[in-house]
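Thanks for asking me to look this one over. I have put my thoughts into a few numbered points, best read with the structure open beside them.

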Amino acid sequence: MPAARITGLGMYVPPRVVKNDELRRWFDTSDEWIYTRSGIQERRWVEEPASTAELGYYAAQSALAQADKSPQDLDLIIFATLSPDMYFPGSGVLLQHKLGLETTPALDIRQQCSGFIYGLSVANQFIRTGMYRTILLLGAEIQSTWIDYSPEGRTVGVLFGDGAGAAVIEATDSPGVGILSTHLYSQGAYARELCVAEPSSATRQHILPGSHGMRPYMNGKEVFRHAVQRMGEAIQAALSAQGWTAQEVNLYVLHQANIRIVQAVAEFFGLPMERFYNNIHKYGNTTAASIPICLTEAAQEGRLQRGHKVILAAFGSGFTWGSAALVW
Ligand code: UT7
């Protein structure tokens with residue numbers, strides 16, 4: 001049975017840097033509040049008009065180049081996003097077309113901050129069963145267009161950024177490398193604790209021209225509490241499945257929602273923060289894009305070497321969460 005291995009990584013963030021202080025144009029907030037509560041110093045926002053599929057396209061090009069693959073080599077595209085270009089169809093088909101492909105299948109994943117982990121798991125299954133050999137997995141988001149810029153929007157609005165990350169995942173016959181296990185979870189009982197409820201198929205409410213139409217809601221404290229507990233459990237599941245101790249893992253990459261969540265998880269396992277790759281200070285929360293953006297930068301900085309034991313974990317809206325254990 002072949003294993004699945006990440007052979008190429010790429011990322012793209014828009015050039016516009018939005019520092020915490022700039023957010024004071026809309027919100028009653030401060031650099032000090034945002035940094036001490038979340039670890040964020042700045043994020044990237046697109047200049048409108050922009051397209052999530054296009055951000056994904058730039059990241060995909062880098063990942064394909066690193067894997068020495070052309071779009072024609074792809075058997076499947078998996079696109080994880082909570083901010084698709086259109087209500088439907090998903091951004092995967094738009095990316096497929098941008099890549100110049102004719103009929104390559106494209107699958108969108110709607111698992112928010114856990115989207116990349118879910119996508120990795122789907123890619124792993126397709127490769128392990130022998131159905132496909134080369135898969136492109138995207139996490140891409142444009143969130144600056146759904147932020148609620150009214151005063152009530154400040155808790156959510158200061159946290160999110162735009163960006164994209166991509167991974168090429170290929171079949172390998174080398175034993176003991178690549179994606180070794182994934183663990184996925186969800187709990188819809190908490191769907192309304194972090195959501196954008198409109199536009200919705202449940203209502204006939206029409207969005208008026210010029211109106212925002214979307215109002216993100218987050219119960220920050222409740223989400224925080226679950227994030228720490230659930231990512232801890234998912235990491236433990238990955239460790240147990242591999243028979244690894246927490247200490248022998250070379251690098252942990254957790255979804256970048258709040259540096260204090262990562263600190264709490266590190267403390268729970270008795271690990272130093274250096275064992276966790278973080279870049280939330282530069283990009284904020286980029287939802288499905290955050291893990292592949294971290295992986296791309298970690299690889300560029302030499303923090304991911306062949307043979308390294310790596311654990312990825314994410315938690316987000318749904319609630320959804322999960323982990324993956326890899327040997328790099
Ligand atoms: O990626 C998906 C998963 N998302 C997460 O994991 C996010 C989880 N939650 C969090 O990261 C944190 O709960 C937040 C960063 C969202 C909030 O931090 P907190 O320490 O839980 O603050 P809080 O919500 O308890 O708010 C404390 C105070 C409140 O004022 P009062 O009631 O104490 O007077 C808020 O109104 O801070 C106020 N506040 C703000 N002040 C300045 C809320 N947002 C802001 C703001 N600037 N942007």
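1. Let me begin at the ligand, in what is a predicted model. How far does a polar side-chain atom of Arg37 lie from an oxygen atom of the ligand? The distance is 2.8 Å. Two further polar contacts are worth a look: a polar side-chain atom of Thr29 sits 2.6 Å from a ligand nitrogen atom, and a side-chain N or O atom of His255 is 3.0 Å from a ligand oxygen atom.

2. Stepping back to the whole site, the ligand on its own exposes 960 Å², and 75% of that is buried by the protein. The ligand is surrounded by 21 residues, and Lys221, Asn258 and Asn285 join Thr29 and Arg37 as the closest.

3. Please also look at the helices here. At least two shell residues come from each of α1 (31-38), α5 (154-157), α6 and α7. The largest share, four residues, belongs to α6.

4. Now to the packing. The largest nonpolar core holds 43 residues, with Ile235, Leu239, Tyr252, Leu254, Phe276 and Ile311 making the most contacts inside it. Elements giving two or more residues include α6 (220-242), β11 (251-254) and β12 (309-316), and α6 gives the most, with seven. Domain 1 (3-172) and domain 2 (178-327) both contribute, so this core lies between them.

5. Ile235 makes a good starting point for browsing that core: leaving aside residues up to four places away in sequence, Ile235 touches Tyr252, Leu254, Val265, Phe269, Ile311, Ala313 and Ser323. A second, separate core has 35 residues, among them Ile6, Leu9, Tyr277 and Trp328.

Notes. Residues are numbered from 1 along each chain as its sequence is written. This is a predicted model: local features need pLDDT of at least 70, side-chain atom pairs count only at pLDDT 80 or more; totals for chains, interfaces and linings use all residues. Side-chain values use heavy atoms; hydrogens and water are left out. A nonpolar core is a set of buried Ala, Val, Leu, Ile, Met, Phe, Trp, Tyr and Cys residues joined through side-chain atoms within 4.5 Å. Buried means under 20% relative accessible area, exposed over 50%, partly exposed in between (1.4 Å probe, protein chains only). Domain bounds come from an automatic or database domain assignment. Contact means heavy atoms within 4.5 Å. A residue is near a molecule or strand if one of its heavy atoms lies within 4 Å of it. A polar contact is a pair of N or O atoms within 3.5 Å; within protein, one must be able to donate a hydrogen and the other to accept it, and residues adjacent in sequence count only if both atoms are side-chain atoms. Accessible areas come from the Shrake-Rupley method with a 1.4 Å probe; for residues, only the protein chains shown count as cover.
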